[in-house]
Structure formats: C-alpha cells, structure tokens
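This briefing introduces a protein structure for a reader who is new to the subject. Please look over the sequence and the structure below before reading the points that follow.

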Amino acid sequence: MSTPGQALQVRFETMTESHLDAVTALEQQAHPHPWQKRHFVDCLASAYEAQLLMAGDNLLGYFVAMKGVDEVHLLNITVAPPYQRQGWARIMLDALVLWSSGQGAQWLWLEARHSNTRAIHIYQAHGFRHVGVRRQYYPATSGQREDAVVMSLPLHATPSQEPSP
C-alpha cells in the first residue's frame, strides 16, 4: 500500500491462468458472494477481456468484460480492499470504456447489487444510467436472492439512441 503523498506506478496487465490464485484470493476478500476460480477460468477460456491493475507486484484490482455484437457487458470489477476509495475503480472503468470503444461497441452494460450503493454511485458518476432491474439476480444471505440494478453507458451513441432494458 502507498503512503500519503506517494504516487503509485500502475499498469494494466492481461489476466492469465497464472494470476488466478491471486485473483481468486482478492475476490474472496472483497465480496460476500465471490466468484469461484472456475468462473475466471471459464472467462479466460471464452477469451473475455480480463485485465489486472497492478502496482509493482501488488494486485490493485481487475475487471472482466464480455464483448457482444455492438456492446460490452462488464461481468466483474473489483478493487482490493486496501485500495478502495482511492479512484482505482474509475481508472479501470476508463480503461474499459476505451477498450470497448476501440472494439466498436455502442453500449457498455452492467448489473450491480441493489444494496451496493457505493458502486452504483461510481457508475452514475461515470455516466451510466439505471435502465432496469433483474429480480432476484444475485445470491444473498440465508439462501435469499437480491435484485440487480441494470445500468448502461452509451459509447458512440447519438442522443436519440436509448438502450432497451
């Protein structure tokens, strides 16, 4: 972790299977209902965009996204707990927007837990709009389910283009 006033030298690195133990460990620390290693293995096997945000040998965070015909769907974005609230999620979102635009995507889509107001605020500040709800989408405590807020960001869209929920 950096000390106050010390700038971190960060870089993006493509996620590979050799990173999966560290990624899975971070996932377990950061989420009450984390992805399992097999989820990341499946994403890599499907050639989804998977990037790590690194500072030296420290894993600050990562994202996984799936490209469609004219859209990209953010599947997972995670910042290591010691690095949260420092702007790293916004940096990863910026990188994802640039990559998505370069792929010709018109829209960037995501779901967020209804209770994850901090993430929803970050997405809204980034220009994402709430366009729908997926009922009982996420697992919750005691076998319950939690709704997901569906959000989208137009990339190359004109103001007349609206997402269809």
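Helices (H or I, at least four residues) and strands (E, at least two) are DSSP runs, numbered from the N terminus. With that naming, Ala47 can be placed in the loop between H2 and S2. The model is predicted. The points below treat two helix pairs, a group of aromatic rings and several individual residues.

**Helices H1 and H2**

- Helix H1 covers residues 20–30 and helix H2 covers residues 37–45; the two pack at an angle of about 130°, and their axes are 9 Å apart.
- Angles that are not under 35 degrees, over 145 or from 65 to 115 count as oblique, and H1 and H2 are therefore oblique to each other.
- The crossing of these two helices, H1 and H2, is right-handed.
- On the H1 side, the contact involves Leu20, Asp21, Val23, Thr24 and Glu27, which meet Lys37, Phe40, Val41 and Leu44 in H2.
- Sorted by character, the residues of the contact of H1 with H2 comprise five nonpolar, one polar and three charged.
- His39 also has its place in helix H2.
- With a relative accessible area of 27%, His39 is partly exposed.
- Between the C-alpha atoms of His39 and Thr24 there is a separation of 9.6 Å, and the two residues are 15 residues apart along the chain.

**Aromatic rings**

- Rings of Phe, Tyr and Trp pair if their centres lie within 6.5 Å, and by this rule the count comes to six aromatic pairs.
- One of these pairs is formed by Trp35 and Phe40; the pair is tilted, with 5.0 Å from centre to centre and 55° between the planes.
- Is Phe40 buried or exposed? Phe40 counts as buried, because its relative accessibility is 1% and buried means under 20%.
- Phe40 also pairs with Tyr62 in an edge-to-face arrangement, with 5.7 Å from centre to centre and 85° between the planes.
- This pair links distant parts of the chain, since Phe40 belongs to helix H2 and Tyr62 to strand S3 (residues 58–67), 22 residues apart.
- Tyr62 has a relative accessibility of 0% and so counts as buried.
- Through ring pairs, Trp35, Phe40 and Tyr62 are linked into a cluster.

**Helices H3 and H4**

- Helix H3 (residues 88–102) packs with helix H4 (residues 117–125) at an angle of about 45°, and the axes of the two are 11 Å apart.
- H3 and H4 are therefore oblique to each other.
- The crossing in which H3 passes H4 is right-handed.
- Ala89, Arg90 and Leu93 of H3 make the contact with His121, Ile122, Tyr123 and Ala125 of H4.
- Five nonpolar, one polar and one charged residue make up the contact of H3 with H4.

**Residues Glu49 and Asn116**

- Glu49 has its place in strand S2, which runs over residues 49–55.
- Is Glu49 buried or exposed? Glu49 counts as buried, because its relative accessibility is 19% and the cut-off for buried is under 20%.
- Leaving aside neighbours within four places in sequence, Glu49 is in contact with Phe63, Val64, Ala65 and Trp99.
- From C-alpha to C-alpha, Glu49 and Leu96 are 9.0 Å apart in space, while in sequence they are 47 residues apart.
- Asn116 is located in the loop between strand S5 (107–113) and H4.
- Asn116 is partly exposed, and its relative accessible area is 34%.
- The C-alpha atoms of Asn116 and Val149 are separated by 9.4 Å, although these residues are 33 residues apart along the chain.

**Residues with a positive phi**

- Ala47 is not a glycine, yet it has a positive phi of about 60°.
- In the loop between H2 and S2, Ala47 is exposed, with a relative accessible area of 64%.
- Arg85 is likewise not a glycine and has a positive phi of about 65°.
- Where is Arg85 found? Arg85 is in the loop between strand S4 (71–79) and H3.
- At 71% relative accessibility, Arg85 counts as exposed, because exposed means over 50%.

Notes: Residues are numbered from 1 along each chain as its sequence is written. This is a predicted model: local features need pLDDT of at least 70, side-chain atom pairs count only at pLDDT 80 or more; totals for chains, interfaces and linings use all residues. Side-chain values use heavy atoms; hydrogens and water are left out. Axes are lines fitted to C-alpha atoms, for helices over the stretch in contact, and angles run from 0 to 180 degrees between N-to-C directions. A crossing is left-handed if the near helix is turned anticlockwise from the far one by less than a right angle, and right-handed if clockwise. Contact means heavy atoms within 4.5 Å. Ala, Val, Leu, Ile, Met, Phe, Trp, Tyr, Cys and Pro count as nonpolar, Asp, Glu, Lys and Arg as charged, and the others, Gly among them, as polar. Rings of Phe, Tyr and Trp (its six-membered ring) pair if their centres lie within 6.5 Å; planes under 30 degrees apart count as stacked, over 60 as edge-to-face and the rest as tilted. Buried means under 20% relative accessible area, exposed over 50%, partly exposed in between (1.4 Å probe, protein chains only).
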